[in-house]
Amino acid sequence: MEESVVADFVGRVHAASFGTDEPVTGRVLLSQRRLVIATDDGKETVPLSRVFDVVVGSVPGDLRSFFNDSVTVAYERDGSRRTALVEGEPEDMEKFVRLLFKALLRNVTVTVRHPAKVGGRVTDASDHRASVSVAPGEIRFDNCPEPFTVDLSAVIDYERTDRTLGGKKRPALVFRHVADGQTVTSIATVPNGRALNVLGRYIKTEYDEAMEELDSFDPTEEQLEILVSIYSAGGEANIADVVTGDVTQTSMILDTLREADLVADGESGAALTRKGQMIVSSYLESVNA
């Protein structure tokens, strides 16, 4: 198959082979098989088959003063692990990130169980093999009996785990997302750790951004109690179901939660937003740890 360039732009780059501690201007070229970073003094070629991780937006400590928003590509060469950093204009980087993940996941086949849960109810869904494909803001699982698409902006929780399939333990990703107003849990079992890293990084690209926004919000005990009550009621409840004492006080707390975009008005009462569900998930995880 002919190899064609899918992304080509000029940005600020860094790789250990460049022999400098500071970023330099370079040309970034991406094909379906490799990433090439070329500067006036040389180039770094990264076969995509050797890439085991991609980090969007987080810069290693020793380079933090030089980069703002970047993509770090981690790969193996000669038995050692290396990284290459790329930073460019927002439009170039948005396209680069999507096409990079698309190329890395192009031949990945997973075993999915979807939906494994709807709300807190375990379903009787079976495991099926599926292919992975990415598109702006979403990831699709195709070539299975019931193909489905996950909106990345709807992902509220995820964890890495192991599952035993066919008598063999394999890495898996369990992630929860909102679909048609319901919280759905899906499980994707992958062939190896590399696929787990890349798939997990793509699924949580927008999740990380949302979590950063929530870091500044420190809910009170009363706010958490109301959020958990709404969550326990299925994600939406009227005020009578969540009142913890004085009705007026509860209404004031709900107003504060609305202003923080943690609660919105649903069809039958107060409903958790995606951020609200993320707050509750983090709280329950800390309690159960």
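**Two pockets and what lines them**

Strand E5 (51-56) and the helices H1 (90-104), H2 (193-203) and H3 (205-214) each give at least two residues to the lining of the largest pocket. This is a predicted model, so let us walk through it with that in mind.

Among the elements around the largest pocket, H1 is a good place to begin: its seven residues make up the largest share of the lining. The pocket has a volume of about 840 Å³, and 29 residues line it. If you would like to find its centre on screen, look for Val-56, Gly-57, Val-97, Thr-205 and Glu-209, the lining residues that lie nearest to that point. What is the chemical character of this lining? It divides into 12 charged, 11 nonpolar and six polar residues.

Now turn to the second largest pocket, which holds about 480 Å³ of space. Here 20 residues form the lining, and those nearest the centre are Lys-117, Asp-157, Glu-159, Arg-176 and Thr-185. Which elements supply at least two residues each to this lining? Four strands do, namely E8 (109-118), E13 (155-165), E14 (168-179) and E15 (182-189), together with helix H7 (274-288). Of these, H7 gives the most, with four residues. By residue class, the lining of the second largest pocket splits into eight nonpolar, six polar and six charged residues.

Key
Residues numbered from 1 in each chain as written. Predicted model: local features only at pLDDT ≥ 70, side-chain atom pairs only at ≥ 80, totals over all residues. Heavy atoms only, no water. 1 Å grid on protein atoms, 1.4 Å probe; cavity = no way out; pocket = protein on both sides within 12 Å on 5 of 7 lines; lining within 4 Å. Points joined across faces, edges and corners; volume = space filled by probe spheres on them. Nonpolar A, V, L, I, M, F, W, Y, C, P; charged D, E, K, R; others polar.
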